[in-house]
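Thank you all for coming. I would like to take a few minutes to walk through one structure, so please have a look at it before I begin.

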Amino acid sequence: MSGGPNHRPPSASTRRVIVLGSTGSIGVNTLAVIDHLNRTAGMRFDVVGLAAGSNANRLNEQAMAFGVGHVALQRGVWKGDPCGVTCLTGEDAALRLVENIEADLIVAAIVGTAGLRPTLRAIELGRDVALANKETLVAAGDLVIPAARRSGTQLLPVDSEHAAIWQCLQSHQSQHANATVVPGIDTAAVRRVVLTASGGAFRDTDPKTAYHATIEQALNHPTWNMGPKVTIDTATMVNKALELLEAHHLFGLPPEKLTALIHPQSIVHGLVEFADHSVLAQLAPPDMRTPIQAALAWPNQPAGCSRMLDWTKLRRLDFSPPEAAKYPAVPLAYRVMKSQGTAGATFNAANEAAVAAFLNRRVPFGRIVELVAGALDALPVHPADSLDAVLDADADARRFVEEKLAAAATSA
């Protein structure tokens, strides 16, 4: 079985890759980066598996384009070309794909808790993971990080902010041994890590007006092109809360060393302040191909396929703290960090359920974070010492949100 830092092949070797969530935004960009690296960088990535939720047509197109022999489809009917393609179907299809197909690198890009089981299994098998599924660490960081240490798995950040912090930390080495599961860094001299946020669709909107915003308004992100769930999360700033929680686990940093700033230009993706008061920042246009390539090509840094920063057009870089009254989700992240245990699973699951309700026009936009906060108030925190404990907390949070929705519908 492959995986772990001692098993990373030389840069000229072929790396076998499984892309989980291949038909979503991250998955599509990942395959574009792989195509670019295979053609131009003297590197070779062999896509041996693809997993999707329900988009069977696009999954078939991807399998044909990359010569993939094994795919997984969680929902729907596989109507692809049967010649040479084996399709696993069902709720656990992605998990079985990870277990059955040998790979060196798993790109974990399934949105939400659905990506938890296959990602954790990949880590248990010692396979390196390019992690775009932040919910895996938010809900089960207490399981994932120890499992990665045991198996030797390297977690390679794909979220633009975490990839930015990773790059900043790589360029500031000290005599201390690496104490994280993220390769090439140490955090001993870190004073503070700053994650930036666009502020989402309602950055310049009064909170009372945003409370009753439409789905179409919430999906109108000012800088990024993402799927609906993530785009809604950026509008509530739950996405930044999730990223703060992810950074807490990924880099092993306490709450007081983590913060977020609104940065409308989305050019600076992360900053690291060090003990000597120096600051390193990573700048790039808002293009997910940049962090994806950083993860796939590490430790190499070949020519990229993403957009370049045009310094002649860069006039200003603005930063401001997120107002708690406008973005109440951000303080909840610190509450979850301090609570630990299953609080992360509760936070994440309640948000997923609330966002789904909003997208189904069952609740107003402003009710999303209220439901998440209500779940944290109402549900007990238990040790996140097993996958069952995490999944139980997940189910309880979803049940809480559904009961609140049903009660509201009854009283309406």
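What follows is a walk through two sheets, the helices that lie across them, and a few single residues.

A word on the source first: this is a predicted model, in which local features need pLDDT of at least 70 and side-chain atom pairs count only at pLDDT 80 or more, while totals for chains, interfaces and linings use all residues. Residues are numbered from 1 along each chain as its sequence is written, and side-chain values use heavy atoms, with hydrogens and water left out.

Let me start with the open sheet of 7 strands, whose order is β4-β3-β2-β1-β5-β6-β7 and whose pairing is parallel. At its edges are β4, residues 86–89, and β7, each of which pairs on one side only, and from one strand to the next the twist averages 25 degrees. On terms, helices (H or I, at least four residues) and strands (E, at least two) are DSSP runs numbered from the N terminus, and two strands pair if DSSP finds at least two bridges between them.

Within this sheet, β3, residues 70–73, pairs with β4 in the parallel sense over 4 bridges, and H70 has T86 in β4 as its bridge partner. Strands β1 and β2 also run parallel, joined by 7 bridges, with R15 opposite F45 in β2. Strand β2, residues 44–52, is mostly covered, since 7 of its 9 residues are buried, where buried means under 20% relative accessible area, exposed over 50%, and partly exposed in between, with a 1.4 Å probe and protein chains only.

Is T14, then, buried or exposed? T14 lies in strand β1, residues 14–20, and is partly exposed, with a relative accessible area of 40%. Leaving aside residues up to four places away in sequence, T14 touches R44, D46 and D104, contact being heavy atoms within 4.5 Å. T14 and D46 are 32 residues apart in sequence, yet their C-alpha atoms are 6.5 Å apart in space.

Turning to the helices, α1 lies across β1, β2 and β5, running at about 165 degrees to β2; such axes are lines fitted to C-alpha atoms, for helices over the stretch in contact, and angles run from 0 to 180 degrees between N-to-C directions. Helix α11, residues 289–297, is mostly covered, with 7 of its 9 residues buried, among them P291, I292 and L296. What do these buried residues of α11 pack against? Their partners are α1 (25–40), β2, β5 (105–108), β6 (128–131), β7 (155–157) and α6.

That brings us to the second sheet, an open one of 4 strands in the order β9-β8-β10-β11, with mixed pairing. Its edge strands are β9 (258–262) and β11 (279–283), each pairing on one side only, and its neighbouring strands are turned by 20 degrees against each other on average, direction ignored. Strand β8, residues 190–197, runs parallel to β9 and is joined to β9 by 5 bridges, with A197 opposite I262 in β9. Helix α6, residues 160–170, lies across β8, β10 (268–274) and β11, at about 40 degrees to β10.

Finally, consider two residues of strand β11, Q282 and L283. Q282 counts as buried, at 12% relative accessibility, and its contacts beyond four places in sequence include A164, Q167 and C168. L283, by contrast, counts as partly exposed, at 31% relative accessibility. As general background, side chains in a regular strand alternate between the two faces of the sheet.
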